[in-house]
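Trainee: I would like to learn how to read this model. Please take me through it feature by feature.

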Amino acid sequence: MAAPCRRMASRSLLQFVTRFGRTSTGKPMFRQFSDSPVCRATLQTNVLTERATSPWRLTAAVCLLRLPVISADCSPIEQQFTAMMQEVELEKSLMGDHEVRLLEDAERMSRRKTANYDSDEEDDPRHQETLLAQDLEDSWEQKLKSFEPAPRVRGDVDKDLTSVERCLADSLLLLAEQQVGNTKMWLLPQTQWQEGETLRQTAERALASLPAAGFKATFLGNAPCGVYKYKLPKALRTEGGSIGTKVFFFKAFLSDSGRSAAPNASFMWLRKSELQRYLKPAYSMKVESFILDL
């Protein structure tokens with residue numbers, strides 16, 4: 001058994017492949033590949049022919065999100081949990097420097113009220129200060145009363161759908177008025193793919209093409225986060241033309257809102273719960289599948 005194995009190992013790899021690649025009639029089983037310029041040109045021509053004969057029109061859309069600016073309101077269960085944790089922390093906490101100073105001031109004031117009090121016995125010069133810890137608390141209370149926080153809910157701004165400053169505690173999604181056939185529809189900003197560019201570049205061009213927008217966004221990678229396709233009505237299909245459109249969505253975060261939008265701007269900033277009022281049901285279901293309600 002060892003002798004045939006040694007003879008097999010002594011043969012060159014080329015001889016083994018040549019014998020294995022021929023059938024009993026002597027014809028090779030393997031297809032010969034060529035790296036000539038003619039072969040490469042033929043492959044490129046085939047690829048372009050496949051693209052030209054694709055029945056789908058490719059489109060890229062940008063899912064531009066404005067993240068929350070302020071923290072959201074706590075739910076009832078969150079408020080209960082916060083109150084419970086504050087009680088536990090208060091029970092297990094130690095006194096701070098200010099609390100220790102309050103006790104020392106109270107003890108010193110009680111000694112001063114006694115008849116045999118001698119001020120020379122106060123060795124610590126800090127105890128001879130006239131400003132007490134209680135005086136500091138009173139001044140802090142006055143500053144707190146004069147402080148007025150900004151309102152969390154602004155009725156005039158929150159009702160303006162074109163304002164990027166509305167609903168600061170929620171995530172907002174950008175919708176634009178797009179021309180689809182002979183009708184105008186509210187969609188994510190999209191445009192048709194052009195030869196020589198990637199789908200992400202098409203999505204960036206769709207965002208830059210919005211009139212008077214000036215939005216700056218940070219795109220999250222080169223791969224789409226979702227795809228939606230729809231077929232054209234048979235009456236609108238032409239012979240040799242496309243049967244429908246495939247829309248590839250690219251997610252991005254708003255980094256700079258630019259200048260404020262005009263009142264009659266052709267785009268809106270909506271919360272996730274408001275999308276169904278303006279989007280088609282199938283389109284809205286696809287968009288909501290990759291949007292996180294932060």
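**Reading the fold**

Mentor: The chain's secondary structure comes to 9 helices and 8 strands. Both are DSSP runs numbered from the N terminus: helices are H or I with at least four residues, strands are E with at least two. This is a predicted model, where local features need pLDDT of at least 70 and side-chain atom pairs count only at pLDDT 80 or more, while totals for chains, interfaces and linings use all residues. Residues are numbered from 1 along each chain as its sequence is written, and side-chain values use heavy atoms, with hydrogens and water left out.

Trainee: What share of the 294 residues in the chain is buried?

Mentor: Start with the cut-offs. Buried means under 20% relative accessible area, exposed over 50%, and partly exposed in between (1.4 Å probe, protein chains only). Here buried residues make up 24% of the 294 residues.

Trainee: Among contacts between residues at least 6 apart in sequence, how many join residues at least 24 apart?

Mentor: A contact means heavy atoms within 4.5 Å. Of the contacts between residues at least 6 apart, 69% join residues at least 24 apart.

Trainee: Now the aromatic rings. How many aromatic pairs does the count come to?

Mentor: Rings of Phe, Tyr and Trp (its six-membered ring) pair if their centres lie within 6.5 Å; planes under 30 degrees apart are stacked, over 60 edge-to-face, and the rest tilted. By this rule there are 6 aromatic pairs. In one of them, the ring centres of Y228 and Y230 are 6.0 Å apart and the planes stand at 35°, so this pair is tilted. Y228 is buried, at 16% relative accessibility. Y230 is partly exposed, at 25%.

Trainee: What kind of pair do Y228 and Y283 form?

Mentor: An edge-to-face pair: Y228 and Y283 are 5.3 Å centre to centre, with 90° between the planes. Y228 sits in strand β6 (residues 226–231) and Y283 in helix α9 (residues 281–288), so the pair ties together parts 55 residues apart in sequence. Y283 is buried, with a relative accessibility of 4%. Step back and a cluster appears: Y228, Y230, F249, Y283 and F290 form one aromatic cluster.

Trainee: Which residues of α9 are buried?

Mentor: Y283, S284 and V287. To read a helix face, take the arc of the directions from the helix axis to the C-beta atoms. These residues cover an arc of only 95°, which puts them on the same side of α9. On the other side of α9, P281 and M285 are exposed. The buried residues of α9 pack against β2, β3, β4, β6 and β7.

Trainee: And what about helix α8 (residues 199–208): which residues are buried there?

Mentor: T202, A203, A206 and L207 are buried in α8. Their arc around the axis is only 140°, which puts them on the same side of α8. What covers them includes β1, β2, β4, β5 (216–219) and β7 (244–256).

Trainee: Next, the empty space. What is the volume of the largest pocket?

Mentor: Pockets and cavities are found on a 1 Å grid over the protein atoms alone. A cavity is a set of points where a 1.4 Å probe fits but cannot get out; a pocket is an open set with protein on both sides within 12 Å along at least five of seven lines; lining residues have an atom within 4 Å of a point. Points are joined across faces, edges and corners, and a volume is the space filled by probe spheres set on them. The largest pocket has a volume of about 480 Å³. It is lined by 18 residues, of which Q179, V180, G181, Y230 and L232 lie nearest its centre. β1 (56–66), β2 (172–180), β3 (183–187), β4 (190–192) and β6 each supply at least two residues of this lining.

Trainee: What is the make-up of that lining by class?

Mentor: Ala, Val, Leu, Ile, Met, Phe, Trp, Tyr, Cys and Pro count as nonpolar, Asp, Glu, Lys and Arg as charged, and the others, Gly among them, as polar. The pocket lining has 6 nonpolar, 10 polar and 2 charged residues.

Trainee: How many cavities of 30 Å³ or more are there?

Mentor: The count is 2. The largest cavity has a volume of about 50 Å³. Its lining has 7 nonpolar, 1 polar and 3 charged residues, including L65, S171 and R271.
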